Every structure is written in C-alpha cells, then in structure tokens.
Amino acid sequence: MKTLVIAAHPALKDSVINKRWLRELQKYPDQYTIHMLADVYPDGRIDAAREQHLVETHGSLIFQFPFYWFFCPPILKAWFDTVLTHGWAYGRNGGDKLAGRKIALAVSTGIRAEDYDRGGRYHYTLAELLAPFETMLRIYCRADYRPFFVFYGAEDVPGEDYSSPAWEVEASAQEYARFAAALS
C-alpha cells in the first residue's frame with residue numbers, strides 16, 4: 001500500500017524546505033499520495049469521513065509540517081481533532097484504524113539544532129516538544145510511531161538574506177525520500 005503524506009503548511013508557495021520535500025516525493029507517485037490539507041480544505045473545515053477513508057486506503061502515514069510556535073499548523077491540529085475520533089482511532093468498540101500502522105512526523109524548524117537542547121536557547125529537545133504527538137499516536141491510537149525526520153534552521157536556508165548553502169536543502173530532500181521509503 002502507498003504511504004499517505006499529510007502535508008500541512010499555511011504558505012507552501014513561500015516554503016523552501018517543505019515544498020522541496022514534497023517535490024522529491026512526487027517523483028514516486030506509485031509509492032506516495034501527497035495530501036495537501038490547505039488545498040483540500042481552504043476554509044479549514046475538515047471532512048472526517050473523507051479523511052478516515054483516505055487513511056484506511058493507505059499503509060503508512062507521514063505528517064509533514066513546519067514546526068512553529070512549538071506545535072503544528074492549525075489546520076493539522078483541526079485534522080487531528082476532527083479525524084481521530086473515538087471508536088475510529090482510539091477507544092473501545094473499534095478504535096483500531098491506526099493500530100500497528102507505521103506513522104512518522106517530518107518537521108522543518110526555523111530554529112537551529114543547538115537551540116533545541118536542555119542547555120540551549122529553548123531548554124527542551126525537539127523530541128520533548130514533539131512528545132504530545134508521540135503520546136497521541138503511540139499510546140491513544142496504538143500506532144507504530146517512528147522517529148521523526150527534521151530539518152533544523154530553515155530560517156537560514158537560501159532565499160532572501162539566508163546564509164546556509166542550497167546543497168543542504170537538496171541533501172535533506174534526498175534524505176527525506178530515504179526516510180519515507182523506509183516506512184513502507
């Protein structure tokens with residue numbers, strides 16, 4: 001079964017990292033379905049039945065998003081709140097649609113890796129800040145939660161006045177494709 005990549009970016013046209021990652025996976029249409037939440041739901045109103053059916057017709061899941069304000073974009077939060085219902089994603093009498101399914105996060109951060117450290121600027125690791133996602137997916141939904149993929153320092157990528165070399169973006173796209181393939 002194909003991997004479903006649920007991408008949540010509020011301004012993908014302005015993105016460097018997330019846009020490049022998606023272009024890389026789009027090279028393999030037989031392996032990935034790219035599902036852009038903002039394109040499908042420009043008004044932010046999520047159709048739970050449609051989304052649940054989409055999830056059920058795929059194998060592994062990747063939630064791809066920029067990590068800002070130390071969480072996911074609002075449309076992805078709305079997706080979780082609307083789609084992961086009791087009796088479908090968790091709970092008694094069913095609630096097993098994600099059980100055992102490989103699920104991972106792919107996040108880009110504007111902040112550099114060294115800032116996500118107990119001794120760094122934000123005093124928490126990225127793994128600690130992503131723990132609510134892991135708890136929701138691994139504990140409540142009983143999914144096979146996998147380690148996340150990350151690009152640190154997106155604020156430093158080429159574009160406007162950025163200084164990181166373009167090869168870092170390209171290298172991350174290649175690594176992301178390998179990461180996604182390993183979930184299959």
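Reader: Starting with Arg-20 and Glu-24: buried or exposed?
Author: In this predicted model, Arg-20 is buried, and Glu-24 is buried too.

Reader: And how far apart are the closest N and O atoms of that salt bridge?
Author: The closest N and O atoms of Arg-20 and Glu-24 are 2.8 Å apart. Both residues belong to helix H1, residues 17–25. They sit four residues apart there, or about one turn of the helix.

Reader: Ok, how many salt bridges does the count come to?
Author: The count comes to nine. One of them joins Asp-81 and Lys-77, at 2.6 Å from N to O.

Reader: Why are Asp-81 and Lys-77 about one helical turn apart?
Author: Because they are four residues apart in helix H4, which covers residues 74–83. As a general point, an α-helix has 3.6 residues a turn, so residues three or four places apart point the same way.

Reader: Is Lys-77 buried or exposed, or what would you call it?
Author: Partly exposed. Its relative accessible area is 34%, and that falls between the 20% limit for buried and the 50% limit for exposed, so it gets the middle label.

Reader: What about Asp-96 and Lys-97, what do their side chains do?
Author: They meet in a salt bridge as well, with 3.8 Å from N to O. Asp-96 counts as partly exposed at 39% relative accessibility. Lys-97 is also partly exposed, at 34%.

Reader: Which residues do shared partners join into one network?
Author: Arg-20, Glu-24, Lys-27 and Glu-170 are joined by salt bridges that share partners. So the buried pair from your opening question, Arg-20 and Glu-24, belongs to that network.

Reader: Switching to H4. Which of its residues are buried?
Author: Ile-75, Leu-76, Trp-79, Phe-80 and Val-83. Looking down the axis of H4, these buried residues fall within an arc of 145 degrees, so they line one face of the helix.

Reader: What do the buried residues of H4 pack against?
Author: Two strands and some helices turn up. The strands are E1 (3–7) and E3 (61–67). The helices are H2 (37–40), H3 (48–56) and H6 (131–140).

Reader: Zoom in on H3 and H4. At what angle do they pack?
Author: About 90 degrees, and their axes are 9 Å apart. That angle lies in the 65 to 115 range, so H3 is roughly perpendicular to H4.

Reader: Which residues in H3 meet which in H4?
Author: From H3 you get Ala-48, Glu-51, Gln-52 and Val-55. On the H4 side they meet Trp-79, Thr-82 and Val-83. By class, the contact has four nonpolar, two polar and one charged residues. Trp-79 and Val-83 are also among the buried residues of H4.

Reader: Now backbone stuff. What's the phi of Phe-70?
Author: It's positive, about 60 degrees, although Phe-70 is not a glycine. Phe-70 is in the loop between E3 and H4. It's partly exposed, with a relative accessible area of 34%.

Reader: And Arg-142, where is its place?
Author: Arg-142 is in the loop between H6 and strand E5, residues 144–145. Its phi is near 55 degrees, again a positive value in a residue other than glycine. With 38% relative accessible area, Arg-142 is partly exposed, because that value is neither under 20% nor over 50%.

Terms used
Residues are numbered from 1 along each chain as its sequence is written. This is a predicted model: local features need pLDDT of at least 70, side-chain atom pairs count only at pLDDT 80 or more; totals for chains, interfaces and linings use all residues. Side-chain values use heavy atoms; hydrogens and water are left out. A salt bridge is a side-chain nitrogen of Lys or Arg within 4 Å of a carboxyl oxygen of Asp or Glu. Buried means under 20% relative accessible area, exposed over 50%, partly exposed in between (1.4 Å probe, protein chains only). The arc is that of the directions from the helix axis to the C-beta atoms. Contact means heavy atoms within 4.5 Å. Axes are lines fitted to C-alpha atoms, for helices over the stretch in contact, and angles run from 0 to 180 degrees between N-to-C directions. Angles under 35 degrees count as roughly parallel, over 145 as roughly antiparallel, 65 to 115 as roughly perpendicular and the rest as oblique. Ala, Val, Leu, Ile, Met, Phe, Trp, Tyr, Cys and Pro count as nonpolar, Asp, Glu, Lys and Arg as charged, and the others, Gly among them, as polar.
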